[in-house]
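Open the model in your viewer and keep the selection tool ready. We will go stop by stop, and each stop tells you what to pick next.

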Protein chains: 2
Amino acid sequence: MAFMIAQRAYIKLYLINKVEQRRGYGYQMLEELKEEFKPFGYVPPQSEIYRALHELVQEGVLYRTKQLKGNDPSVDFQEIVLYHFTDNGAEKAALYKKQVKTDLDRCIGMLHKAVADNFV
Amino acid sequence: MAFMIAQRAYIKLYLINKVEQRRGYGYQMLEELKEEFKPFGYVPPQSEIYRALHELVQEGVLYRTKQLKGNDPSVDFQEIVLYHFTDNGAEKAALYKKQVKTDLDRCIGMLHKAVADNFV
DNA sequence: TAATGAACACGCTGTTCATAC
DNA sequence: GTATGAACAGCGTGTTCATTA
């Protein structure tokens, strides 16, 4: 049993959630997460987002499609990579989330314990 | 800003607390911690305890004394290393604890956020 | 600048090994 | 088994670099 939850697992959880809400692409989700965690002073590194996404693909949870961004072709031909759930991806994601939830609770318990034990 | 609190910092916090209560030695504190964290399935590796102790010495928080364990010399000559606060060790420890507390709170916040954001 | 990806180096950590009693 | 310490290997992570539009 590892000490704390890994950053990778934490990020994967958020990415799965974002794909559940609407299919998205890496850079977009990165920027959203940066914004969400600003109050905590935590800046998720972009390499971690892409690595997490690639792992979720390798694990058969997500698959990729490519798309040109923007409606006006004369303005922007930038290609983006969209992520979607595979056939049984939703199941796999649900199982993964369940595991992460267990670990999250365990970690919260250990941190609360540290506060209770060492700070009166 | 790192993602989560480091195991090293977490253990140091507990070691400082144990030295505050009574001067102790490595193996003893290790066994106590193993017992304390059993419910969480977390087994602190002994190398981490010794590393943390050595760092606290290098940082000028603690100093070491050696002592033979046991009252009856015919039974046990095992040598143990006891740890005590240095002159300004208590101050340094208090400052360190304050910093760790801040980080603990931040981490608890991030874990709670993950539960709130990803589990309805 | 938006967007994706890989490379590279570093540091923490877990296991193992060494030593002594 | 108690007690301390170091070595060693591996993995996660952060920074940097590369590329395209």
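A pocket here is an open set of grid points where a 1.4 Å probe fits, with protein on both sides within 12 Å along at least five of seven lines. Its volume is the space filled by probe spheres set on those points. Keep in mind that this is a predicted model.

**Stop 1: the largest pocket**

How much space lies in the largest pocket? About 160 Å³. Now select its lining: Y25(A), G26(A), Y27(A), Y50(A), H54(A), R64(A), K69(A), Q78(A), E79(A), I80(A), V81(A) and Y83(A). Colour the elements next. In chain A, α2 (26-36), α3 (46-58) and β2 (79-85) give two or more residues each to this lining. Which element gives the most? It is β2(A), with four residues. Try colouring by class as well. The lining has six nonpolar, three polar and three charged residues.

**Stop 2: the two copies**

Select chain A and chain B. Chain A can be laid on chain B by a turn of 180 degrees, with a shift of 0.0 Å along the axis and an RMSD of 0.0 Å. The two copies are therefore related as by a two-fold rotation axis. To find the axis from chain A, go to I108(A). Its C-alpha is the one in chain A nearest the axis, at 3.1 Å. Both copies use the same surface: 100% of the contact residues of chain A recur in chain B.

**Stop 3: DNA strand C**

Show DNA strand C and the 23 residues around it. The ones that come nearest are Y25(A), Y27(A), R64(A), K69(A) and Q7(B). Which parts of the strand face the protein? Of its atoms within 4 Å of the protein, 70% belong to sugar or phosphate, and the rest belong to bases.

Now zoom in on phosphate oxygens of strand C. A polar side-chain atom of Y25(A) lies 2.7 Å from one. For V81(A), pick the backbone: a polar atom there is 3.2 Å from a phosphate oxygen. Do likewise for R8(B), where a polar backbone atom is 3.4 Å from a phosphate oxygen.

Zoom out to the elements. Chain A brings α2, α3 and β2, and chain B brings α1 (7-21) and α3 (46-58), each giving two or more residues to the surface near strand C. The most come from α3(A), with five residues. By class, this surface has nine nonpolar, eight polar and six charged residues.

**Stop 4: DNA strand D**

Switch to DNA strand D, which also has 23 residues around it. Select Q7(A), Y27(B), R64(B), K69(B) and Q78(B), which come nearest. Sugar and phosphate make up 69% of the strand D atoms that come within 4 Å of the protein.

Look at a base first. A polar side-chain atom of S47(A) lies 3.3 Å from a base oxygen of strand D. Then go to the phosphates. An N or O atom in the side chain of Y50(B) is 3.0 Å from a phosphate oxygen. A backbone N or O atom of V81(B) lies 3.1 Å from a phosphate oxygen of strand D.

Finish with the elements. At least two residues each come from α1 (7-21) and α3 of chain A, and from α2 (26-37), α3 and β2 (79-85) of chain B. Which one supplies the largest share of the surface near strand D? Select α3(B), which supplies five residues.

Key
Residues are numbered from 1 along each chain as its sequence is written. Chains are lettered from A and ligands numbered from 1 in the order in which they are written. This is a predicted model: local features need pLDDT of at least 70, side-chain atom pairs count only at pLDDT 80 or more; totals for chains, interfaces and linings use all residues. Side-chain values use heavy atoms; hydrogens and water are left out. On a 1 Å grid over the protein atoms alone, a cavity is a set of points where a 1.4 Å probe fits but cannot get out, and a pocket is an open set with protein on both sides within 12 Å along at least five of seven lines; lining residues have an atom within 4 Å of a point. Ala, Val, Leu, Ile, Met, Phe, Trp, Tyr, Cys and Pro count as nonpolar, Asp, Glu, Lys and Arg as charged, and the others, Gly among them, as polar. Copies are superposed by least squares on the C-alpha atoms of residues with pLDDT of at least 70 in both. Contact means heavy atoms within 4.5 Å. A residue is near a molecule or strand if one of its heavy atoms lies within 4 Å of it. A polar contact is a pair of N or O atoms within 3.5 Å; within protein, one must be able to donate a hydrogen and the other to accept it, and residues adjacent in sequence count only if both atoms are side-chain atoms.
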